[in-house]
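Welcome! Here are a few exercises to work through with the model in view.

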Amino acid sequence: MERERYQDVGYGLMAQAVEKQLRNEQPAILDCVARARALERWSAIAAVHGVPVRIIECICSDADVHRSRVDGRMRAIPGWYE
């Protein structure tokens, strides 16, 4: 539950940034894991502004390379699970 709360805070901040960009008639690109509940919120914001939502899924098909990237990632966020 704690992790979802942190995710919701981050997604909420991203939603505010998207809203501001679209209100100013500027494009918005979000580079993140698009979880369903966040995507629903962002899609609703886009609909209000009459703009489409495009999802681009990036996949690393080499399992060893993917594992090395995940294992080597260091965000250094206190208390955050890598």
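For charges, Lys and Arg count as positive and Asp and Glu as negative, while His and the chain ends are not counted. This is a predicted model, in which local features need pLDDT of at least 70, side-chain atom pairs count only at pLDDT 80 or more, and totals for chains, interfaces and linings use all residues. Residues are numbered from 1 along each chain as its sequence is written, and side-chain values use heavy atoms, with hydrogens and water left out.

**Exercise 1.** How far apart are the mean positions of the positive and negative charges of the protein?

Step 1: place each charge at NZ of Lys, CZ of Arg, CG of Asp or CD of Glu.
Step 2: average the 12 positive and the 12 negative charges; the two mean positions are 4 Å apart.

**Exercise 2.** Which pattern does the protein follow along the sequence?

Step 1: find the helices (H or I, at least four residues) and strands (E, at least two) as DSSP runs, numbered from the N terminus.
Step 2: there are three helices and zero strands, giving α-α-α.

**Exercise 3.** Find the aromatic pair and describe its geometry.

Step 1: rings of Phe, Tyr and Trp (its six-membered ring) pair if their centres lie within 6.5 Å; planes under 30 degrees apart count as stacked, over 60 as edge-to-face and the rest as tilted.
Step 2: this rule yields one aromatic pair.
Step 3: the ring centres of Y11 and W42 are 5.5 Å apart with planes at 75°, so the pair is edge-to-face.
Step 4: Y11 sits in helix α1 (residues 2-23) and W42 in helix α2 (residues 36-48), so the pair ties together parts 31 residues apart in sequence.
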